[in-house]
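User: I would like a close look at one part of this protein. Please take me through the charged pairs and the strands around them.

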Amino acid sequence: MKYIYVDKNNRYEEYPVNDDEKIEEGQLFFTEEYKAYTRKEKVFISGNLNSDIYIPECGYKILLDEGKLFVEHCKSEQCDSEHCNSERCDSEQCDSEQKIYLDQVRIKPGEYKLENGSIILLPESKIKLVIGKDYIKVFGQNYKSALLETDINSNRTAQFPIYKRSPRIVKRIKEETIRVTTPLPNNYKNRNSLLQIILPPLGMLAVTIAMGIMINRGIYMIVSGMATVMTSIFSVVRFFQDKKDNKETEKTRQ
């Protein structure tokens, strides 16, 4: 697959074409082939032979400094670009000689912000650079790089080619026989009704009141009556609590 680049109003558009399709002479295009290099903290790109990436026909000095891009006209005597020593380098006409694009937009010398995956295009040099966090991909042929070439698609580990496999865990199913027994019958039989619990204390209370009246002892009658009432209350509460616990036990058992 090939990709042609067309300039439209200071922006370039990318169009894919098949390998067997003919491309007009002079039309800028790139294939999917590239070389990747390990990115340093600062990377210099220019027509200077001492640059990290040397591009002979580049009329700019480009500096990649972490997340920033610095672009300026090249004026070094060591640069072999035909535009380098031109008097027009200080004028706006120089910008019309060579174009430079950042993320499809034409830019002028200055400072710009770089994102992970930003693309720098130099049409006259037929070079495209994809700027990654720790690598630079270069598309094109007319350049030389002093950077260390790397393989960004490699999945090799730090200990390659030594391969260490984790222990294989084999799960074995136990062959023990498990018996599922029928739940035991509910042994709880509440033969005592609420009435049977309340009646004895009430009967004792009636007898206590009668004896208190007969022997004329009011304090004895009051104390005995309170004790009987308290006994009745605790008996009723216990009855309902046992009934609730029995329902929960029966539900769990089923």
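Analyst: What follows starts at one charged pair, moves into the sheet beside it, and then turns to other charges.

This is a predicted model. Five salt bridges are found in the structure. Start with Lys40 and Asp52. Their closest N and O atoms are 2.9 Å apart, and the two residues form a salt bridge. Lys40 sits in the loop between β4 (35–38) and β5, while Asp52 sits in the loop between β5 and β6, so the pair ties together parts that are twelve residues apart in sequence. How covered is each partner? Lys40 is partly exposed, at a relative accessible area of 42%. Asp52 is buried, at 9% relative accessibility; the cut-off for buried is under 20%.

Now the strands. β5 covers residues 42–46 and β6 covers residues 53–54. The two run parallel and are joined by two bridges. Ser46 has Tyr54 of β6 as its bridge partner.

Both strands belong to an open sheet of six strands. Its order is β11-β8-β7-β5-β6-β15, and the pairing is mixed. β5 therefore stands between β7 and β6 in that order, and β6 between β5 and β15. Which strands stand at the edges? They are β11 (110–113) and β15 (144–145). Each has a single partner strand, so one side of each has no neighbour in the sheet.

The edge strand β11 spans 110–113, and Lys113 brings us back to charge. Lys113 forms a salt bridge with Glu115, with the closest N and O atoms 3.8 Å apart. A salt bridge here needs a nitrogen within 4 Å of a carboxyl oxygen. Lys113 is exposed, at 61% relative accessibility. Glu115 is partly exposed, at 47%.

A further pair lies in a helix. Arg238 and Asp242 both belong to α3 (residues 218–253). They are four residues apart, about one turn of the helix. Their salt bridge has its closest N and O atoms 3.2 Å apart. Arg238 is exposed, with a relative accessible area of 55%. Asp242 is partly exposed, at 26% relative accessibility.

Side chains of opposite charge can pair when their charged atoms come close. What about charges outside such pairs? Asp19, Asp20, Glu21, Glu32 and Glu33 gather in a surface patch of negative charge. Residues of such a patch have no salt bridge. One of them, Asp19, is in the loop between β2 (11–17) and β3 (29–31).

How values were computed. Residues numbered from 1 in each chain as written. Predicted model: local features only at pLDDT ≥ 70, side-chain atom pairs only at ≥ 80, totals over all residues. Heavy atoms only, no water. Patch = residues over 30% accessible without salt bridge, like charges linked within 9 Å, V, L, I, M, F, W, Y side chains within 5 Å. Areas by Shrake-Rupley, 256 points an atom, 1.4 Å probe, with all protein chains shown as cover. Salt bridge = Lys/Arg side-chain N within 4 Å of Asp/Glu carboxyl O. Lys, Arg positive; Asp, Glu negative; His and termini not counted. Charge placed at Lys NZ, Arg CZ, Asp CG, Glu CD. Buried < 20%, exposed > 50% of the residue type's maximum accessible area, 1.4 Å probe, protein only.
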